[in-house]
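Visitor: Got a minute to walk me through this one? I'd like the overall picture and then some details.

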Amino acid sequence: MFTSGFSSVKKITTHVLQEMKLRGEKIAMLTGYDFSMAKILDDAGIDIVLVGDSASNVIAGHKTTIPITLNEMIFLASSVMKAVNRALVVVDMPFGTYQGNSKEALNSAIRIMKESGVDAVKIEGGREVVESINRILSAGIPVMGHLGLTPQSIHKFGTYIVRATEKEEADRLIEDSRILDDTGCFAVVLEKIPAKLATRVTKEIKIPTIGIGAGSEVDGQVLVLYDMLGITQDFSPRFLRRYHNLQEEIKGSVMSYINDVKTVNFPSKREQY
Ligand code: KIV
């Protein structure tokens, strides 16, 4: 079993993540949306729990991440926070709560911090959101960036294909990563971009890069929990490694339960008072 050089760390902070990058220790991040799962992730030793707006898809059943609200994200984040002792907990700022108006961005981030107690927020985008990031940082709230495929902009992209394969978009992404670094973000997610580009960004910027579909030469990896556990089955990008087939296992258990109830095999004598 892999044991981290930081296994004795009581609480992962943004400072600890920076140290991990410097010593070449990879950062493991997963999404989490509820108390019970977050407790398992934290007990297992995950470094970062991301209360991702992918909750819009896997929890709320929307087709995109766009509809999920600030109140819904705060509800999920405060449930996760009650379970986590060691991991750094980051919350996605949902669509419409930070774009275009940095004062509104700060108010949204303050609500997230006060009402859920998490450690940091995540914002999608580069130069176009830097004013919002600056204002949030000025209130002492750590910010994680997110470049490459940014799902909140799906209607602009029109598709979930790999981003920044052309020079112009790749150059813009490199410049945006430098801007996020200089602005004071503590880390940046790189989603679905060529591995070579992610490697270059990782070498050029001081803050840790966390990849999803960005190759192995980034500082850490993130996956959506429901995808890596095989609870969702209709989403199979090349970068996704499924560690389990929980959909089958859960279905099997539910079918056994139904059968036991129908045949009065449950409850048994030992399972009643
Ligand atoms: O919302 C999410 O789950 C994310 C990850 C895919 C990085 O942003």
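Guide: Sure, we can go from the overall fold to one strand and then to the salt bridges.

Visitor: What kind of model is it?

Guide: It's a predicted model.

Visitor: OK. How many helices and strands does the protein have?

Guide: The secondary structure comes to 11 helices and 8 strands.

Visitor: And what's the radius of gyration, next to that of a compact globule?

Guide: The protein has 20 Å, and a compact globule with 273 residues would be near 19 Å, so the two agree. Along the principal axes, the C-alpha trace spans about 65 × 40 × 40 Å.

Visitor: How much of it counts as buried?

Guide: 49% of the 273 residues do. As for the surface, the protein exposes about 14,100 Å², with carbon and sulfur atoms supplying 55% of that.

Visitor: What about contacts between residues far apart in sequence?

Guide: Take the contacts with a separation of 6 or more: 58% of them come from residues 24 or more positions apart.

Visitor: Let's zoom in on strand 6. Why is it said to be largely enclosed?

Guide: Strand 6 covers residues 187–191, and 5 of its 5 residues are buried, so the rest of the structure largely encloses it.

Visitor: Which way do its residues point?

Guide: Ala187, Val189 and Glu191 point one way, while Val188 and Leu190 point the other way. All of them are buried, the glutamate Glu191 included.

Visitor: Which strands does strand 6 pair with?

Guide: One is strand 5, residues 143–148, which pairs with strand 6 in the parallel sense over 5 bridges. Strand 7, residues 209–212, also runs parallel to strand 6, and 4 bridges join them.

Visitor: Can you give me a residue to click on?

Guide: Try Leu190: in strand 6, this residue is the bridge partner of Leu147. Over in strand 7, the bridge partner of Leu190 is Gly211.

Visitor: How does the chain get from strand 6 to strand 7?

Guide: Through helix 9, residues 195–204, in a β-α-β crossover that is right-handed.

Visitor: Switching topic: how many salt bridges does the structure hold?

Guide: It holds 14. In general, side chains of opposite charge can pair when their charged atoms come close.

Visitor: Show me one within a helix.

Guide: In helix 8, residues 167–183, Asp171 and Lys167 sit 4 residues apart, so about one helical turn separates them. Their closest N and O atoms are 2.5 Å apart.

Visitor: Are those two buried or exposed?

Guide: Lys167 counts as exposed, at 61% relative accessibility. Asp171 has 34%, so it's partly exposed.

Visitor: Any others like that?

Guide: Yes, in helix 5, residues 102–116, Glu115 and Arg111 are 4 residues apart, again about one helical turn. The closest N and O atoms of that salt bridge are 2.7 Å apart. Glu115 is partly exposed at 42%, and Arg111 is partly exposed at 30%.

Visitor: And helix 2?

Guide: Lys39 and Asp43 both lie there, in residues 35–44, 4 residues apart. Their salt bridge has its closest N and O atoms 3.4 Å apart. Lys39 is partly exposed at 36% relative accessibility, whereas Asp43 is exposed at 57%.

Visitor: Last one: which residues are linked in a network of salt bridges?

Guide: Look at Glu175, Arg178, Arg200 and Glu204, which are linked that way.

Methods: Residues numbered from 1 in each chain as written. Predicted model: local features only at pLDDT ≥ 70, side-chain atom pairs only at ≥ 80, totals over all residues. Heavy atoms only, no water. Buried < 20%, exposed > 50% of the residue type's maximum accessible area, 1.4 Å probe, protein only. Helix = DSSP H or I, 4+ residues; strand = E, 2+ residues; numbered from the N terminus. Pairing = 2+ DSSP bridges. Right-handed = clockwise from strand over helix to strand, strands pointing away. Salt bridge = Lys/Arg side-chain N within 4 Å of Asp/Glu carboxyl O. Rg over C-alpha atoms; globule rule 2.2 N^0.38 Å. Contact = heavy atoms within 4.5 Å. Areas by Shrake-Rupley, 256 points an atom, 1.4 Å probe, with all protein chains shown as cover.
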